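Work through the exercises below with the structure open. Each task is followed by a solution in steps.

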Amino acid sequence: MNEKTNKPIYLDYSATTPIDERVVTEMIKYMGPEGVFGNPASRSHAYGWTAEKAVEQARQQIADLVGADSREIIFTSGATESDNLAIKGSAHFNKKRGQHIITCKTEHKAVLDSCRQLEREGYEVTYLDPEENGLVDLEKLKAAMRDDTTLVSIMHVNNEIGVIQDIEAIGNACRERKIIFHVDAAQSAGKIPMNLENLPVDLMSFSAHKIYGPKGMGALYVQRKPRVRLEAQMHGGGHERGMRSGTLATHQIVGMGEAFRIAREEMATENERLITLRNRLWDGLKDMEEVYINGDIEQRVAGNLNISFNYVEGESLLMALKDLAISSGSACTSASLEPSYVLRALGRNDELAHSSIRFSMGRYTTNEDIDTTIAHVRAAVEKLRDLSPLWDMYKDGVDISSIEWAAH
Amino acid sequence: MAYGEKVLDHYENPRNVGKFDHNELDIGTGMVGAPACGDVMRLQIKVNDAGVIEDAVFKTYGCGSAIASSSLLTEWVKGKTLDEAKAIKNTQLAEELALPPVKIHCSVLAEDAINAAVEDYRKKHA
């Protein structure tokens with residue numbers, strides 16, 4: 001528990017972040033009858049003009065963080081919608097040219113399920129296996145490219161294990177084959193410096209709530225030169241250059257803009273602080289027996305640490321750690337008994353895949369939070385290992401993989 | 001993840017955690033489940049000459065409901081004959097612990113564990 005707030009210590013910043021106070025202050029100006037409430041699409045009066053001005057300023061702030069032209073930013077309801085629009089929109093537009101798409105098994109569900117939908121429509125999708133460290137092998141990606149491949153979708157930073165893909169190298173390989181390259185950057189924008197002016201990326205998805213902006217708000221970068229074309233998935237008033245109809249949510253957009261502005265200013269110092277916190281956490285746990293970091297430790301976003309505590313089941317560990325707000329790689333909590341598909345794709349064995357915990361640190365995490373976390377985790381793992389028959393067997397030198405288990 | 005009071009109680013204070021030597025003649029061992037499924041239960045019973053379970057211990061790798069199901073079961077089987085122990089149904093455990101539908105399999109696993117332990121003991125004495 002955090003003693004001041006009497007709430008669990010929040011270490012789930014990869015799931016969502018609180019809205020920064022400075023962002024709240026900006027957003028409130030666009031609500032209420034005294035606020036700037038006009039429809040940004042209203043051209044006939046000052047209410048509309050002032051709202052439009054605010055929207056365009058936010059568009060510029062978002063573009064500035066990632067080195068884009070503001071005209072390349074399309075507002076959406078979040079990264080899920082951006083992923084849907086990018087993948088289905090470009091696949092549909094280029095249907096005559098080809099119906100093959102390449103992605104990776106560790107992508108976010110918004111990407112994987114959009115691809116599944118395209119499969120139902122008759123497209124073919126290649127789901128690449130990542131390497132053991134979570135990274136995509138460029139040669140394997142190139143080998144999967146075909147003449148009828150129109151789209152490659154690879155995320156920048158993985159939401160579970162935090163590994164950073166080499167999007168520049170992947171993008172260059174796509175350019176050589178004239179394949180459109182989409183990047184889900186929900187977990188990387190504002191955390192990794194990038195300049196889309198030079199990066200060979202055609203489409204990039206962003207989320208506001210992963211970097212201290214409001215939920216329900218996202219954007220899609222759609223490159224202008226050369227122009228990338230999409231088939232709209234949402235039809236209506238022709239907003240956002242026809243790519244995404246629907247009245248713009250001024251207060252949400254302003255919030256996203258302010259969040260991206262702050263991220264641009266504070267990214268460097270914040271990353272340094274987050275790496276110190278992450279090292280502090282790992283230093284406090286790494287001398288325990290049978291703990292493993294999931295995903296590459298070098299090519300990794302600053303605030304993420306994903307660890308498997310062997311011979312301890314993830315859901316019971318979360319239950320023991322009720323004073324910490326963390327998430328288990330194991331999806332048992334959501335009533336399905338499947339362990340994390342991301343860890344399985346890395347080739348982690350069942351025990352390790354079932355025993356992973358994701359710690360994600362952020363703007364309001366303190367040294368004290370980390371120290372309390374270390375003490376809690378050590379005590380909980382010790383308690384559960386005392387209860388674990390697998391731990392007994394490990395201690396007795398029994399090879400668990402040699403046993404024939406009756407799957408149930 | 002809301003857990004019932006009884007699940008929490010058994011999870012926080014598990015009863016009869018331990019291990020008997022499975023080679024001893026008066027011990028029956030049942031190990032069920034699989035790491036791949038995220039549950040492994042080991043239930044052991046110590047049976048006296050009259051065929052009554054004198055003591056029982058468990059260790060469980062699994063979620064809180066799996067731990068609670070096996071902990072409760074060790075309490076229930078003590079003092080019972082082998083046949084009485086085998087007659088315990090998963091539905092009784094599930095009801096006592098107020099397990100939600102997604103956790104019923106934990107009580108099924110506990111029932112499998114006691115059956116396996118009794119079988120193991122009987123095999124030794126066949």
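**Exercise 1. Find what the buried residues of H6(A) pack against, and on how many sides of the helix they lie.**

Solution. This is a predicted model, so read every step as a statement about a prediction.
- Step 1. Locate helix H6 of chain A at residues 167–176.
- Step 2. Pick out its buried residues: Ile167(A), Ile170(A) and Cys174(A).
- Step 3. Check their directions. They cover an arc of only 65° around the axis, so they sit on the same side of H6(A).
- Step 4. Recall the helix geometry. An α-helix has 3.6 residues a turn, so residues three or four places apart point the same way.
- Step 5. Name the partners. The buried residues of H6(A) pack against helix H5 (138–144), strand S5 (149–153) and strand S6 (180–184) of chain A.

**Exercise 2. Which backbone angle stands out just after H6(A), and is the residue buried or exposed?**

Solution.
- Step 1. Follow the chain past H6(A) to Lys178(A), in the loop between H6 and S6 of chain A.
- Step 2. Read phi. Lys178(A) has a value near 55°, positive in a residue other than glycine.
- Step 3. Count neighbours. Lys178(A) has 11 other C-beta atoms within 10 Å. The cut-off for exposed is 12 or fewer, so Lys178(A) is exposed.

**Exercise 3. Where is Tyr311(A), and does its neighbour count make it buried or exposed?**

Solution.
- Step 1. Place Tyr311(A) in the loop between strand S10 (304–309) and H8 of chain A.
- Step 2. Read phi. Tyr311(A) takes a positive value of about 70°, although it is not a glycine.
- Step 3. Count neighbours. Tyr311(A) has 26 C-beta neighbours inside 10 Å. Buried needs 20 or more, so Tyr311(A) counts as buried.

**Exercise 4. Describe the peptide bond from Lys225(A) to Pro226(A) and place it in the fold.**

Solution.
- Step 1. Read omega. The angle is near -5°, and the bond from Lys225(A) to Pro226(A) is cis.
- Step 2. Place the proline. Pro226(A) lies in the loop between strand S8 (218–222) and helix H7 (250–285) of chain A.

**Exercise 5. Which residues touch the most other members of the largest nonpolar core?**

Solution.
- Step 1. Take the core as a whole: it holds 81 residues.
- Step 2. Rank by contacts within the core. Ile62(A), Tyr221(A) and Ala259(A) touch the most other members.
- Step 3. Find the main contributor. Helix H2 (residues 46–66) of chain A gives the most to this core, with 8 residues.
- Step 4. Look for another core. A second, separate one has 65 residues, including Val32(B), Phe58(B), Val77(B) and Val118(B).
- Step 5. Set this in context. In soluble globular proteins, nonpolar side chains tend to be buried together.
- Step 6. Zoom in on Ala259(A). Leaving out residues up to four places away in sequence, Ala259(A) touches Asp20(A), Val23(A), Ala208(A), Ile211(A), Tyr212(A) and Gly213(A).

**Exercise 6. Test each chain against the rule for a compact globule.**

Solution.
- Step 1. Start with chain A. For 408 residues the rule gives a radius of gyration near 22 Å; chain A has 22 Å, which agrees.
- Step 2. Add its dimensions. The C-alpha trace of chain A spans about 75 × 55 × 35 Å along its principal axes.
- Step 3. Add its make-up. Chain A has 12 helices and 13 strands, and 49% of its residues count as buried.
- Step 4. Turn to chain B. For 126 residues the rule gives a value near 14 Å; chain B has 14 Å, which agrees.
- Step 5. Add its dimensions. The C-alpha atoms of chain B fill a box of roughly 45 × 30 × 20 Å along the principal axes.
- Step 6. Trace its order. Chain B has 5 helices and 3 strands, running α-β-β-β-α-α-α-α from the N terminus.
- Step 7. Check contact range. Take contacts between residues at least 6 apart in sequence. In chain A, 73% of these join residues at least 24 apart; in chain B, 63% do.

**Exercise 7. How many residues does each chain give to the contact, and which elements of chain A take part?**

Solution.
- Step 1. Count both sides: 25 residues from chain A and 23 residues from chain B.
- Step 2. List the elements of chain A that give two or more residues: helix H8 (314–320), helix H10 (350–354) and helix H12 (389–395).
- Step 3. Sort the chain A side by type: 13 nonpolar, 6 polar and 6 charged.
- Step 4. Note the confidence. The model scores ipTM 0.93 and pTM 0.91. Chain B averages a pLDDT of 93, and 99% of its residues score at least 70.

Key: Residues numbered from 1 in each chain as written. Chains lettered and ligands numbered in written order. Predicted model: local features only at pLDDT ≥ 70, side-chain atom pairs only at ≥ 80, totals over all residues. Core = buried A, V, L, I, M, F, W, Y, C linked by C-beta atoms within 7 Å. Helix = DSSP H or I, 4+ residues; strand = E, 2+ residues; numbered from the N terminus. Contact = placed C-beta atoms within 7 Å. Rg over C-alpha atoms; globule rule 2.2 N^0.38 Å. Arc of directions from axis to C-beta. Nonpolar A, V, L, I, M, F, W, Y, C, P; charged D, E, K, R; others polar. pLDDT = per-residue confidence, 0-100.
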